[in-house]
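Here is a short note to read alongside the model. The points are numbered for ease of reply.

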Amino acid sequence: MNWDSREYQRQRQTFFAGVERRQSMLLITTLIFTVTWLVGWGCSALLLHVGWNSMPLRYAASFLVSYAAFFGCARLWCNQVAERRGGFDVGSLDPGVDGDGCLVLLAALALALVVGGLFWMSGGFAALIEAAFEVAFAGTIVRRLGRTERVGHWARALFAGTWPQALAMCILLVGIAATLQRAAPGAITFADAVIAVWARH
């Protein structure tokens with residue numbers, strides 16, 4: 001396909017409106033952040049198991065891994081949207097977890113709902129739709145201002161729309177971890193640090 005600048009904007013606006021109309025972006029971001037949080041938590045637990053006792057370093061490394069997982073989840077969603085052009089059925093997702101696993105999943109969902117809600121309110125969800133647009137129309141040639149561009153740079157679009165939130169969250173997590181470990185030098189987990197600090201008051 002070949003578009004001029006006007007056609008590009010028309011197609012983009014139509015795509016955005018279609019996705020927002022057919023899908024609950026708050027639910028989408030919550031599901032994505034649930035997986036992202038679980039990956040980060042799992043990575044932190046693994047690093048602790050192999051001897052990373054520094055909470056700030058462990059949280060920073062885990063955050064980078066979870067940010068990569070966020071991109072992976074976003075790409076999976078983008079692929080679904082690209083195939084159906086906005087017809088992704090979130091109701092078809094079934095985690096298949098029961099018993100004690102439900103408590104972990106509910107806790108993860110609660111945290112992810114809060115983070116996903118903040119992400120949604122900050123307008124970050126638009127970055128997801130932008131990435132989906134890049135995937136859906138990958139390869140399309142756009143001619144504007146005497147230049148020729150090719151649609152399809154989904155990762156660049158997603159990074160450009162999410163790095164401020166990601167950086168702020170990373171600084172917050174690492175800052176909290178550093179403060180807690182400084183207040184409770186013997187603690188190597190968040191729970192232990194909170195308990196140690198709380199016991200002093």
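**Notes on the predicted model**

1. **T179 and its setting.** Helix α6, residues 154–183, contains T179. This is a predicted model. T179 is partly exposed, at a relative accessible area of 44%. Its C-alpha lies 9.6 Å from that of A193, and the two residues are 14 apart in sequence.

2. **Overall make-up.** The protein has 7 helices and 3 strands. Along the sequence they follow the order β-α-α-α-α-α-β-β-α-α. The protein has 201 residues, and buried residues make up 36% of them. Its accessible surface is about 11600 Å². Carbon and sulfur atoms account for 66% of that surface. Take the contacts with a separation of 6 or more: 74% of them come from residues 24 or more positions apart.

3. **Confidence.** Mean pLDDT for the protein is 83. A value of 70 or more is reached by 80% of the residues. Which elements have the lowest and the highest mean pLDDT? The lowest belongs to helix α4, residues 101–121, with a mean of 60. The highest belongs to helix α3, residues 55–84, with a mean of 93. Over residues 86–101 the pLDDT is below 50. Beyond near neighbours in sequence, that stretch has 18 contacts in the model.

4. **Strand β1 against β2.** Strand β1 covers residues 2–4, and strand β2 covers residues 141–144. The two run parallel and are joined by 3 bridges. Within this pairing, N2 stands opposite I141 of β2.

5. **Strand β2 against β3.** Strand β3 covers residues 147–150 and runs antiparallel to β2. Here 4 bridges make the connection. The partner of V142 in β3 is E149. I141 stands opposite R150 in β3. I141 therefore has a bridge partner in β1, namely N2, and another in β3, namely R150. As a rule, side chains in a regular strand alternate between the two faces of the sheet.

6. **The hairpin turn.** β2 and β3 form a hairpin, with 2 residues between the strands. What is the phi of L145 in the turn? It is positive, at about 50 degrees.

7. **Salt bridges: the count.** How many salt bridges does the model hold? The count is 3. Each is taken in turn below.

8. **E7 and R10.** These two residues form a salt bridge, with the closest N and O atoms 2.8 Å apart. Both sit in helix α1, residues 5–22. They are 3 residues apart, so about one helical turn separates them. E7 is partly exposed, with a relative accessible area of 22%. R10 also counts as partly exposed, at 45%.

9. **R12 and E130.** In this salt bridge the closest N and O atoms are 2.4 Å apart. R12 lies in helix α1, while E130 lies in helix α5, residues 125–136. The pair therefore ties together parts of the protein that are 118 residues apart in sequence. Is each partner buried or partly exposed? R12 is partly exposed, at 24% relative accessible area. E130 counts as buried, because its 14% relative accessibility is under the 20% cut-off.

10. **R147 and E149.** The closest N and O atoms of this salt bridge are 3.2 Å apart. R147 is partly exposed, with a relative accessible area of 47%. E149 is partly exposed as well, at 25%. E149 is also the residue that pairs with V142 of the neighbouring strand β2.

11. **A nonpolar patch.** L46, V50, W52 and L57 make a nonpolar surface patch of about 420 Å². Where does W52 lie? It is in the loop between α2, residues 25–49, and α3. W52 is partly exposed, with a relative accessible area of 38%. That value is over the 30% needed for a residue to join a patch.

12. **Where to be careful.** Please keep the confidence values in view when reading the model. Residues 86–101 have pLDDT below 50, and helix α4 has the lowest mean among the elements. Helix α3 has the highest mean.

Methods. Residues are numbered from 1 along each chain as its sequence is written. Side-chain values use heavy atoms; hydrogens and water are left out. pLDDT is the predictor's confidence in each residue, from 0 to 100. Contact means heavy atoms within 4.5 Å. Two strands pair if DSSP finds at least two bridges between them. Buried means under 20% relative accessible area, exposed over 50%, partly exposed in between (1.4 Å probe, protein chains only). Patches are made of residues with over 30% relative accessible area and no salt bridge: like charges are joined within 9 Å, nonpolar side chains (Val, Leu, Ile, Met, Phe, Trp, Tyr) within 5 Å. Accessible areas come from the Shrake-Rupley method with a 1.4 Å probe; for residues, only the protein chains shown count as cover. A salt bridge is a side-chain nitrogen of Lys or Arg within 4 Å of a carboxyl oxygen of Asp or Glu.
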